[in-house]
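Hi,

Here is the structure I said I would pass on. Have a look at it first, and then read my notes underneath.

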Amino acid sequence: MNGADTVGVQTLTREVVVANSQGLHARPADMLAREARKWQSRIELVGEAQRVDGKSILDVLTLAAEAGTRLVVEATGPDAREALEAIGGLFERKFNEHGTEQAS
Amino acid sequence: MLKLQGIAVSPGVTIGEALVLDSEGFRIPRRFVERSAVDTELARLAHAIGETAREMERNRDAIRAELGEQYAAIFEAHLAMLHDEKLQRELQTAVRDRNWWPEYAVSRTLRRYAKVFQSLDNHISQRAHDIYDIEKSLLRNLLGQRRETLAAISQPVIVLAHNLTPSETATLDRRFVKGFATELGGPGSHTAIVAEGLEIPAVVGVGPFLADVSGGEPVILDGNQGLVILQPDEETIARYRQELEAAQTVAAQLKEIRDLPAETTDGVRIQLTGNIEFPSEAEQCLARGCDGIGLYRTEFLYLASRTEPTEDDHYAAYAEVVQAMAGRPVVIRTLDLGADKMHARLNIEEERNPCLGLRSIRLSLRQLPMFRTQLRAILRASALGDVRVMFPLISTIVELRQARMVLADVMEDLAEHGIAFNRKMPVGMMVETPAAVMMLDIFIKEVDFVSIGTNDLIQYTLAVDRGNKDVADLYNACDPAVLRLLRRSLDVAREAGVPANVCGQMSGSVMFTQLLLGLGLRQLSVPPSAIPEVKQVCRSVSVAECRLIAEKALAMDGAREVKAYLRDQLRRRLAQAVA
């Protein structure tokens, strides 16, 4: 995925807010990384002071993003648009905060 | 570079590679994989990751069935972290490109993540525990049955540990340990005594620091200042190298006085003997010019193996020391351990307060077969030289009499079997409880010598657990209460004409030499490393001056004042000696 595409590589960004009350703790970080790995594009999360690999739960955890934190999701690759859509959706649904995973 | 302050318990400076012992005792040295073995090692790593994942899945399923989905999520998160692609990549790169041993790669990489999490100031920092859990599972699967022990060290290292247990220190290969640093512990703790015995620097009570260091990293241990320096910079290393060289020069100078007697300037001869743990230390004492062994601690015979030592095990160790001493006195102390260290073996219930529990002579008197075995060996060794036996922690006359009765009984037994021993072997007791001091005028009539064990005496007098870092500062040899007990003990012994000795850390510290001589002490038993220094101080003072110093110190109100005064007096003495 690392710059393998020579044409049509685009970087798209989307601003998100961590809205679930516990912040990006282990479970949401896991969901996020899983979702990110479904896409071919490189996914990065940009916080105030750092940029991390969205496909790595360990990296996402190091953001220590609490409820209310604003982040920018950056996707680079052929399916960037779809990836952003899916990841943005996770944030909007507050990572299904109250258990009950919805079948998608 | 990270400088950590702990408690200095054994002097000296050393620079070396770290060997990290975590709470499970894993030691992960920096080790490399040969290029040709990289694929095998990668496969081993992959296998361990697979095994660890399966364990986590099993745990997850079990917890899910028992407690529900919410609790199982923890293991789900562990699994996700374990399978993290970035982590996997990093581990593989470490093995393939840097040729790190997989164990080392796991430890280094995961600890780096744990450290990042720990530095976060919100609830995510708790994830560090998860990372340590993953590290432990991986290491367990990598090491399998080959889990390494301290006994298998094969190159010089500085041992960094949470807390060293007596059995760990007893089994480690002493040739390769250059120093100790532990998170727990205080002055007088087990690590401190062992380090002093081995003459290697040690720092204890450092507080949590093991997460900040990995095996194989360079570490500086400053046993003089109580510092542990992780990831030292070039400048610091250079400065410590210089210090090391200077210390070697001083050691060479002290060697010159080896064959001179410990005699004061006004002609009073001081008996300077060594405290030892291991038979091999007898040679160290001789090399420094000692007058004998004033305290031979025998606990290591019991701790070094899982089974109780046989009479021959005891005898072999004692004989080695007695023969090395060639006619000089050797004081062998009977078992001075708490039941807390031995309950697994003796089937004794766990105690709430081991320091005040079944230990030392109390334990020996309850475990007569074990006690008799040791006494038989001591008596047999008494045929080889000037052996004396000493009972620890005597606090009532009944204990002393019982111990003597057992001894007499064992003597009869040996005589019946025609086994040689010294029927007149001197019998002594340790004075290490306030009760023993108060009753010493009675006890002294039934012993041939006494030895004041200052470590325990201070602990029991001041009611301080010297291993508890929160109160360790109250453990102070300069406390006037301690000085008064010392004075009384030495006065009683002198009046009765019974030789008295002081062992324990106080006698090995030159700060107290003048005070002790001033109180009338004529025998000092010190760690081998302290022999030259203490001898030098003895040779540069007069008893008359020491008396004045003791009088003055005993008139003081508090430990701080006494300490400042004794320090100052020592400084003056050394300044004169140099001039």
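Below is what I found about the strands and how they pair.

One thing to keep in mind: this is a predicted model.

Let's begin with chain B. Eight strands form an open sheet there, and going across it you meet them in the order E1-E8-E7-E3-E4-E5-E6-E2. The pairing in this sheet is mixed. At the edges stand strand E1 (2-5) and strand E2 (7-10) of chain B; each has a single partner strand, so one side of each is left without a neighbour in the sheet. On average, neighbouring strands of this sheet are turned by 30° against each other, direction ignored.

For a parallel pair, go to strand E5 (residues 177-182) and strand E6 (residues 202-204) of chain B, which are joined by two bridges. You can find your place there with Ala181(B), which stands opposite Val203(B) in E6(B).

There is also a helix against this sheet. Helix H8 (residues 234-255) of chain B packs on it and touches strands E3 (13-21), E7 (218-222) and E8 (227-230) of chain B. The direction of H8 makes about 120° with that of E3(B).

Now to chain A, where E4 (residues 70-76) is a good strand to follow. Seven bridges pair E4(A) with strand E1 (residues 11-17) of chain A in the antiparallel sense, and here Thr13(A) has Glu74(A) as its bridge partner. E4(A) also pairs with strand E2 (residues 42-46) of chain A, again antiparallel, over five bridges. In that pairing, Leu45(A) has Val73(A) in E4(A) as its bridge partner.

Cheers

Conventions:
Residues are numbered from 1 along each chain as its sequence is written. Chains are lettered from A and ligands numbered from 1 in the order in which they are written. This is a predicted model: local features need pLDDT of at least 70, side-chain atom pairs count only at pLDDT 80 or more; totals for chains, interfaces and linings use all residues. Two strands pair if DSSP finds at least two bridges between them. Helices (H or I, at least four residues) and strands (E, at least two) are DSSP runs, numbered from the N terminus. Axes are lines fitted to C-alpha atoms, for helices over the stretch in contact, and angles run from 0 to 180 degrees between N-to-C directions. Two residues are in contact if their C-beta atoms, placed from the backbone, lie within 7 Å.
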